[in-house]
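Reader: I am new to this structure and should be grateful for a close look at a single part of it, namely the nonpolar core and what surrounds it. Please begin with the overall layout, so that the core can be placed within it.

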Amino acid sequence: MENNKRKCLECQEPLIGRADKKFCDDHCRNAYNNKLKASNNNLIRNVNNSLRKNHRILESLNPDGVKKVKKDTLLTKGFNFKYHTHTYKTKENALYHFCYDYGILALDNDWFLIVKRD
Ligand SMILES: [Zn+2]
């Protein structure tokens with residue numbers, strides 16, 4: 001059929017057969033799924049690495065439990081503000097971003113408070 005433009009998700013060859021078919025054969029299906037899985041694993045590994053690095057940075061900057069640092073200090077060390085494990089909002093509406101047991105709170109003028117949860 002001329003209007004049938006469906007292609008195999010793996011090899012891009014035109015597909016023949018059932019309308020819900022996505023792959024030529026099992027080989028293409030397996031190859032595609034393996035690549036997808038590998039890229040998911042990479043994503044998880046990269047996020048885990050960023051979280052671990054953030055944690056290491058907060059730990060090194062805050063040996064005594066509470067510490068105020070400038071945003072630049074965090075950035076220079078390679079802190080990635082995109083990643084945290086959870087948040088905590090106080091009754092006063094202060095929003096802490098936690099990386100495991102260490103949390104940061106944005107203060108005025110690019111200062112951050114680093115705290116450690118007991
Ligand atoms: Zn194929």
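Author: From the N terminus on, the elements of this predicted model follow the order α-β-α-β-β-β-β. The protein thus counts 2 helices and 5 strands.

The overall form may be taken next. The C-alpha trace spans about 70 × 25 × 25 Å along its principal axes. The radius of gyration is 24 Å, whereas a compact globule of 118 residues would have one near 13 Å. Buried residues account for 10% of the 118 residues. Of the contacts between residues at least 6 apart in sequence, 35% join residues at least 24 apart.

The core itself comes next. Which residues make up the largest nonpolar core? This core has 10 residues in all: Ile57, Leu58, Val69, Leu74, Phe79, Cys99, Tyr102, Ile104, Phe112 and Ile114. Helix H1 (26-61), strand E4 and strand E5 are the elements that give two or more residues to it. As a general background, nonpolar side chains tend to be buried together in soluble globular proteins.

Helix H1 deserves attention of its own. Its end C-alpha atoms are 52 Å apart, and this agrees with expectation because 36 residues at 1.5 Å a residue should span 52 Å. How many of the 36 residues of H1 are buried? The count is 3, so H1 is hardly covered. The buried residues in H1 are Asn54, Ile57 and Leu58. Two of these names, Ile57 and Leu58, also appear in the list of the core. In general, an α-helix has 3.6 residues a turn, so residues three or four places apart point the same way. What covers the buried residues of H1 includes helix H2 (71-77), E3, E4 and E5.

Ile57 gives a closer view of this covering. Apart from its neighbours within four places in sequence, Ile57 is in contact with Leu74, Lys77, Gly78 and Phe79. Leu74 and Phe79 are themselves among the core residues.

Cys99 offers a second view of the core. Cys99 lies in strand E3. Is Cys99 buried or exposed? Cys99 counts as buried because it has 24 C-beta neighbours inside 10 Å, the threshold for burial being 20 or more. Not counting residues up to four places away in sequence, Cys99 touches Leu51, Asn54, His55, Leu58, His84 and Thr85. Asn54 and Leu58, in this list of contacts, are also buried residues of H1. Cys99 and His84 are 15 residues apart in sequence, yet their C-alpha atoms are 4.9 Å apart in space.

The strands that contribute to the core belong to a sheet. The sheet is open, has 5 strands in the order E1-E5-E4-E3-E2, and is paired in antiparallel fashion. Strand E1 (66-70) and strand E2 (86-89) are the edge strands, each pairing on one side only. From one strand to the next, the twist averages 30°. In general terms, strands of a sheet pair through backbone hydrogen bonds, either parallel or antiparallel.

The pairing can be followed strand by strand. E1 and strand E5 (residues 111-116) run antiparallel and are joined by 5 bridges. Ile114 in E5 is the bridge partner of Lys67, and Trp111 in E5 is the bridge partner of Lys70. On the basis of the core list, Ile114 is a core residue as well. Strand E4 (residues 102-106) is likewise joined to E5 by 5 bridges, and these two strands run antiparallel. Ala106 stands opposite Phe112 in E5, and Phe112 is a further member of the core. E4 and E5 form a hairpin with 4 residues between them. In the turn of this hairpin, Asn109 has a positive phi of about 60°.

Two residues with positive phi may be set beside the core by way of contrast. Gln12 lies in the segment before H1 and, although not a glycine, has a positive phi of about 70°. Gln12 counts as exposed because it has 10 C-beta neighbours inside 10 Å, the limit for exposure being 12 or fewer. Asn93 is found in the loop between E2 and strand E3 (95-99). Its phi is near 70°, a positive value in a residue other than glycine. With 6 C-beta neighbours inside 10 Å, Asn93 therefore counts as exposed.

Note on methods:
Residues numbered from 1 in each chain as written. Predicted model: local features only at pLDDT ≥ 70, side-chain atom pairs only at ≥ 80, totals over all residues. Pairing = 2+ DSSP bridges. Axes fitted to C-alpha atoms, helices over the stretch in contact; angles between N-to-C directions. Core = buried A, V, L, I, M, F, W, Y, C linked by C-beta atoms within 7 Å. Contact = placed C-beta atoms within 7 Å. Rg over C-alpha atoms; globule rule 2.2 N^0.38 Å. Expected span 1.5 Å × (residues − 1).
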